[in-house]
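The following exercises concern cysteines, a lysine and nonpolar packing. Please work through each task before reading its solution.

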Amino acid sequence: MTRLAHLWDQSRCIACGACIAACNAANYGSTGRVNKTWGWLASNIKRVELVRGPRPMLFLVQCQHCDNAPCVAVCPTGASYRDVDGLVKIKPELCIGCKYCMVACPYEARWLDEESGLPRKCMGEECLSRVKAGLEPVCVAVCPAGARAFGDLDDPNSAISRRLAQSRYIRLLEGKGTEPKYFVVVGP
């Protein structure tokens, strides 16, 4: 079985934004289009800065490709589904734009594309094509700090499995029972 997942190493990230810009360029043609849902550019990665607390913190949030995805459970047409590779995907031809998936996601990882009237999320079409061809998603490929990884959790030799075995990590909102497959490395 294959269970593809993302890793973001908070301890290595230099907050350069290359992953966000690459997502915009690859999946949305480097347009100046605005993701009004997030007040951000058209990208599937949301930058969240926490300024309260002992020190400022940065989180990069995107679809968690949950094993128990609420967006899939609430979709009335089957447009949101979990594929055999473990990724949560959208079939645009089945989507009716009801936005139930956007409301159900506790990570607020989906945004509304005002041009199409449909929700968008990680991974975009270009990244899905790259993964199908055996390549990394663009956010992983462009990261100058090596703060990102992607791969099969069920393969002990995959880059993501090796990094998780050597790191301390968290999963966001684990108490929600969604079984997210987006791992945030917080240290060695």
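Three exercises with solutions follow.

The model is predicted, so local features need pLDDT of at least 70 and side-chain atom pairs count only at pLDDT 80 or more, while totals for chains, interfaces and linings use all residues. Residues are numbered from 1 along each chain as its sequence is written, and side-chain values use heavy atoms, leaving out hydrogens and water.

**Exercise 1.** Determine how many disulfides the structure holds.

Solution. Step 1: a disulfide is a pair of cysteine sulfur atoms within 2.5 Å. Step 2: the structure holds 0 disulfides. Step 3: for Cys13, the nearest cysteine sulfur belongs to Cys19, 6.4 Å away. Step 4: for Cys127, the nearest is that of Cys23, at 5.9 Å.

**Exercise 2.** Establish whether Lys121 is buried or exposed, and what its side chain reaches.

Solution. Step 1: Lys121 is buried, where buried means under 20% relative accessible area with a 1.4 Å probe, protein chains only. Step 2: Lys121 has no salt bridge, that is, no side-chain nitrogen of Lys or Arg within 4 Å of a carboxyl oxygen of Asp or Glu. Step 3: the nearest side chain of opposite charge, Asp85, is 9.4 Å away. Step 4: the side chain of Lys121 reaches the backbone oxygen of Val88 at 2.5 Å.

**Exercise 3.** Describe the largest nonpolar core.

Solution. Step 1: a nonpolar core is a set of buried Ala, Val, Leu, Ile, Met, Phe, Trp, Tyr and Cys residues joined through side-chain atoms within 4.5 Å. Step 2: the largest has 39 residues, and those with the most contacts inside it include Trp8 and Phe150. Step 3: a second, separate core of 8 residues includes Ala5 and Leu153.

Definitions and conventions. Buried < 20%, exposed > 50% of the residue type's maximum accessible area, 1.4 Å probe, protein only. Lys, Arg positive; Asp, Glu negative; His and termini not counted. Polar contact = N/O pair within 3.5 Å; in protein donor to acceptor, adjacent residues only side chain to side chain.
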